[in-house]
Each structure stands twice: as structure tokens, then as C-alpha cells.
Amino acid sequence: MKRGGKASTAMLLATVLFMLPLGIQAGAQARDLADLMKDRFPVTQGEATPDDSDQTVLARFYRGRGLKPLWVEHGEANAAARAVLTVLGHADEDGLNPNDYAPASLPAQQGHLDSPEAQAAFETNLTLGLVHYASDVSVGRIIPTLADPELVIDRPPFDRAQFLGNVASATDLGALLTGLAPHRPEYAALKAALAHYRQMKAAGGWPTIPPAPKAPPPPPADPANPAAPAPKPEKTSDALKPGMIDPRVPALRARLVATGEAKPLPNPLPKGTNPELYDDALATAVKEFQRRQGQEPDGAIGKRTLVELNATVDQRINQIIVNMERWRWEREPADQPYLVVNLADYTLSLMRGMDVQMTMRVVVGAPFTRTPVFIGNMSYMELNPYWYVPTKIAKEEILPKQKKDHSYVVKNHYTLLSDWTSNAVPVDPSSINWATVTERNFHWRVRQDAGNDNSLGRIKFMFPNKFDIYLHDTPSKRLFERAVRSFSHGCIRVQDPPNLALAILALTDTPGWPEEKLRAEIGGDSLKHQTIRLKNRLPVHITYITTVTDPDGGIDFRTDVYGRDARVLAALNGPRPRKPVVPAAVPAAAPTPGSAPNAAPNTVPAASGDAPKAPETPKPSVPGVRTGATAAPATAPVPAAAPTPANANPTR
């Protein structure tokens, strides 16, 4: 029995040694922290690269400092470690998850570093968590293009090795860490709003507005007169309008009191006050709410306004978090001119550094021909441009009108060209038997001649890109009066092209075009096509921000008309991307059941170039996503991945 017992003991010891880390097995004796750090961070070969793994970056860093720990002194977590744990524990203030950087077990470990193994694990995990946090709060947690193929932008680079060097040499570690987030007023406003909306959530949020009461059933038919026409049901309106008395009014007032647009009724109520009356003061509050949502401020509670009113506080929190992430993708602007188009706000801003030089309204791609997010460089402008109609528009929109009216092409100043080569010649439309022409055998190229009726107007602004997206004038000025302006085939129509052109010429130091000359060329009878090369290129940022800053420093919300918020939110709540790799081509995904009503189908965005036909007002894409402090509920449907716009044809 004793020999058997010794054999069993030996086997057990061998098993235990096998289960221990390799460094502890050697010699079966206690190891100090330095030895364990050697095992964790072996010598690395070659020069450092941005593609190095976290393990390699940490190995280079610790080897470079002789394996001396940052956070452990005399077997205990030092003051710097406690400061870092405090920062990581407050990552939620920037819309990030603290558990991604300092799991609950990590802060607890700092009081139990009673072995070299525990010290080495604490040291390594805290450094890795800090590197991940610093990268995420500085340049973003997700890879935009992997989250949504229409976000064709690269995050700013984050040098992990340089950051660790700065940490090791910092005389004020707190200042270093608090300075990691974007230094932009928009980001600061969102951070404050996130805290505010979380406070509102803790207080219970706000009430929802119930649907309109059902109309009473029609009175029964008169049995004494069966031949009489059936009684008509009583007419009702779903819309809640000023002057109405309605049981939904108290909930409406309470909703607007919660977010500050309205004031509560006095308590007790003055004699004769009807709390169900939609009075003038409440109408003013509703108009302010509508303005803050980018809607027509008409005071009527229709379907769109009701959707925004009934967005939950969680949805608003999520919307803020999503847009904080978007601002982290933006590089800090230098003191130079650049142009920003916010697709979700339908606005263009000409900037120099943080200073706004000019703003104006724009019309952007419709929900089914969405404008992608990317950065380009404007290098020239064209005066009195031709419009070469994309094939899709020519076949699907111009051809049916020409078949119905054989003079349509001529009346609308289109020219048929024999083919798509540089040697193409004009073709007389009257020489074609249009009855035999179909989309399948339509082979002509269609060009709209320069002039006031040209769909591109009298000027376009070019920043060459693979999507064939550009800014341009338009003869359809009436659309700029609308609050929602997503009507184009993808390109961006600008409200005031002459003044925009003059401002760009001045900011890029482009000579030879005084105001009188430019206005004469695009405002008179001249149809001369001219190209103006800019002396200095102008960066163009096509963005999609669904929260915008108010003049008072607060934030307003915009409808997520393209359904992009849910995709970014899903990525934020998902696993960390291992490598910042952008796929060469991202296939369009089939629509997901329950996705946003206006999420685009599994098709490539239409060619650039606006449709000649008058557009219809689109419905909001993702109902309810508007105001917010936290992410959308985990059960919220995620819209199908949008079709990659890389194959989009020229848009208008």
C-alpha cells in the first residue's frame, strides 16, 4: 500500500506541475515577478509596425524598460494603478463599457497581489485594458467599414507603443488620460447630454403618448327604411392639433415637460382650466420639439412627430453613444479650410478649423439611393456643366417618357449620343422607332445640355471619388424649403451654389475669378462650359451625425433616415475587432426581418444624377431613434447591411 501510495503521490505531483505555467515548472521553486514577466513577454524580432499584436506591443514596451512593472510596487498596486482603475471604471461616461477594460475582478485583485503570479497577471491585464481604452476613446472602438459598408472612412491611427511610452514618462498621468477623448465642442456636448439623459432614465424617463382613440362605430341602419343609404361613420383625425380637446393632451404635456420644451400647468389648476385642451402654450412647445427633431414645426402631432415623441429614453441614450463614436473617428481639424456635409441634418458647413465660415441647406440621397460616408478632396469646379445621364435613369425614367411623347428628349434639352465612346456623334431622336425600343436594347448615351434646365444647374463641385458623388446646383429650388431633404439619387444639391463657389475660391486662394466674372458666367445667357482648377485642394467630409449641437450648447436629434445608427450600435455592443482590416469588397446582405422600414433593399445605390421626376417625401427609416443617452435596447432589430456604394454610378 505504501509503494502504491508513493506512486500515486508522484503521479499527482507530476500532474500539478504539468498544469502550472511553464515558468513555474522549471525548478519547481518560487519565481519572482521579473522571471514571470520574462515568460510573458519574450524577446521580439524586427521593427515595430501598426499591425503588431497587442502581445507584441506590450513585449516591446516591457523589454524596453527592462521588464520593470508600471503598476506594482513592493508587491502591491501603486497609486498610478489605482488612478488608472478609476479612469477605466468611468469609461461609461464616454459611452464605452468599463468591463471591456477593467472587468470586475481586476479592481478586486489590487488588494490580493500576494504572489508573483497574481502581480504579473494584474500588471499585464491593467496595461492591456488601458491600451484598449486609450485607443477606443481616442479614435473609436469599431472599424467603421466593418460595421457598415457605407461608412467608407479610416479611423485616425493610434500608436500604442508611443502611448505606453507617454504613460511611462508622464508626470501627470491623470491629465494624460483625461485628454485622450476628442477635444471638440460637439463631443463635449454629447458627453454632457449622455449624463443628463441617464439622469432622466434614473428618474423614470417620460410617458408615451397613446394612439388616437378609435372612432365610434356608425349608427345602425334604420330597420324601418332598409332602402336608405347606410349611415356614414363619424370622421376622426389621428393628428392632434392646437385647439383640440383630447385625452392625450396631459401625456403630451408631461412628455414635453420632461425634456424641457413645455412648462407644467399650475397646481392647483385655475378655475375653468381644461387640462385636455391643446392650448397655444403647448402648441409652441410642440413646435420647439419639432424644430429640435429637424421636422416641419407645424404644431400638429402626426405620425412622424408621434414616433419621435415616443422614442424612449434608452433610444436617446443609444443615439448619443453612437454619435460619440462617430466623432471619435474624426481627426482633429487643423487651422485650414474644409467642407463638411452632414447627411442626417441635410446641411453643408464650410469650415476653417473649428470656425464656421458658411452654412447652407442641401438635398441628399433618398433612402433607397443613400449617399455614402467618406472623405474626398475638391480639386475643381465646372461652370455650365453637361449632365451625362446614368444608364439606369436613362432606361427607367427618360425612356418611358420618350416613348409616350416622342418630343420629350428635345423639349428637355437632352442629346442622344450614338455610343459611350469619345467619338460618339449626336443621333436625331426622330430617326428612331421608339415603339421597338426597350430597356434591353436601349444603347444610346443621354446627355443633358448646359442651361438653366440642366439637372446639375449652372455649377458643380468636383472631388473625384469611386462613388461619382459630387456637389451641384439644381433648378429644383423648392425642395430646400422642406425640413426632410433626402430626395436625390446620391449626389448632393446645394442651396446657394454661387456664394459657395465664391467662398471656396477665396479659401483656396484660387485667382482669376472675381465675383462679377463668376456671376456673369453662371447667371446670364452664357452656356460656355468652363473648368476652374482650385489652387489648393479643399477636403470634403461627407458625414452622418444624427445628433447636432444647439446654439445654446445642448443637442438636438435627427431621424436616422438611412438606418445607420442600429448598425453602429450593434458593432459597439459586439466583440472587439481584432485587426483594422477593411475588406476588399463587401457583398450586399439580404434584408433582415424586422429591419428599418426604409432600409435599402439588396441592391447597389442608383447612379448619381437626380431623377427628372418630382420626388415624394420619404417616411422615416428607423422609428423612434432620435434623442438618447444609452444604446438601443438589445432586442432592437438591426437593419440589413446596406449595399456597398462602391459600385454606384454617377449620381445627382
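A crossing of two helices counts as right-handed if the near helix is turned clockwise from the far one by less than a right angle, and as left-handed if it is turned anticlockwise. I wrote this down before opening the model, which is a predicted one.

**Entry 1, helix packing.** I began with helix 4, residues 54-64, and helix 7, residues 116-139, whose axes come within 11 Å and cross at roughly 115°. The crossing of this pair, helix 4 and helix 7, is right-handed. Angles from 65 to 115 degrees count as roughly perpendicular, and helix 4 and helix 7 are therefore put down as roughly perpendicular to each other. I then turned to helix 5, residues 79-89, which packs against helix 7 at an angle of about 45° with the axes 11 Å apart. Here the crossing is left-handed, and the angle makes helix 5 and helix 7 oblique to each other.

**Entry 2, strands 3, 4 and 5.** I followed the pairing of strand 3, residues 337-342, with strand 4, residues 347-352, and found the two running antiparallel and joined by six bridges. Pro337 has Arg352 of strand 4 as its bridge partner. The hairpin of strand 3 and strand 4 has four residues between the strands, and in it Tyr346 takes a positive phi near 55°. Strand 4 also pairs with strand 5, residues 355-365, in the antiparallel sense and over six bridges. In that pairing Arg352 stands opposite Asp355 of strand 5, so I noted Arg352 twice, once with Pro337 and once with Asp355. The hairpin of strand 4 and strand 5 has two residues between the strands, and there Gly353 takes a positive phi near 60°.

**Entry 3, the largest pocket.** I next asked which residues lie nearest the centre of the largest pocket. They are Val340, Asn342, Asp345, Thr347 and Ser349, out of 47 residues that line the pocket. The elements that give two or more residues to this lining are helix 11 (185-202), helix 15, strand 3, strand 4, strand 5, strand 6, strand 15 and strand 16 (547-549). The strands of the previous entry thus come back here, since strand 3, strand 4 and strand 5 are among these elements. The space in the largest pocket is about 1200 Å³, and by class I read its lining as 20 nonpolar, 13 polar and 14 charged residues.

**Entry 4, cavities.** I found three cavities of 30 Å³ or more in the structure, and I looked into the second largest, which holds about 110 Å³ of space. Its lining is made of 15 residues, and Ile153, Trp329, Glu330, Val373 and Thr543 lie nearest the centre of this second largest cavity. Helix 15 (313-329), strand 6 (374-383) and strand 15 (530-543) each supply at least two residues of that lining. Which element gives the most to the lining of the second largest cavity? It is strand 15, with three residues. By class, the lining of the second largest cavity has nine nonpolar, two polar and four charged residues.

**Entry 5, the open sheet.** I traced an open sheet of four strands, which stand in the order 7-10-8-9 with antiparallel pairing. Its edge strands are strand 7 and strand 9 (426-427), each of which pairs on one side only. Within the sheet, strand 8, residues 414-417, and strand 10, residues 445-448, pair in the antiparallel sense over four bridges, and I noted that Leu417 stands opposite Arg445 in strand 10.

**Entry 6, backbone points in loops.** I looked up the peptide bond between Asn267 and Pro268, which is cis with omega about 5°. Pro268 lies in the loop between helix 12 (249-258) and helix 13 (280-292). My last note is on Asn384, a residue other than glycine with a positive phi, near 50°. Asn384 has its place in the loop between strand 6 and strand 7 (387-388).

Technical notes
Residues numbered from 1 in each chain as written. Predicted model: local features only at pLDDT ≥ 70, side-chain atom pairs only at ≥ 80, totals over all residues. Heavy atoms only, no water. 1 Å grid on protein atoms, 1.4 Å probe; cavity = no way out; pocket = protein on both sides within 12 Å on 5 of 7 lines; lining within 4 Å. Points joined across faces, edges and corners; volume = space filled by probe spheres on them. Nonpolar A, V, L, I, M, F, W, Y, C, P; charged D, E, K, R; others polar. Pairing = 2+ DSSP bridges. Axes fitted to C-alpha atoms, helices over the stretch in contact; angles between N-to-C directions. Parallel < 35°, antiparallel > 145°, perpendicular 65-115°, else oblique.
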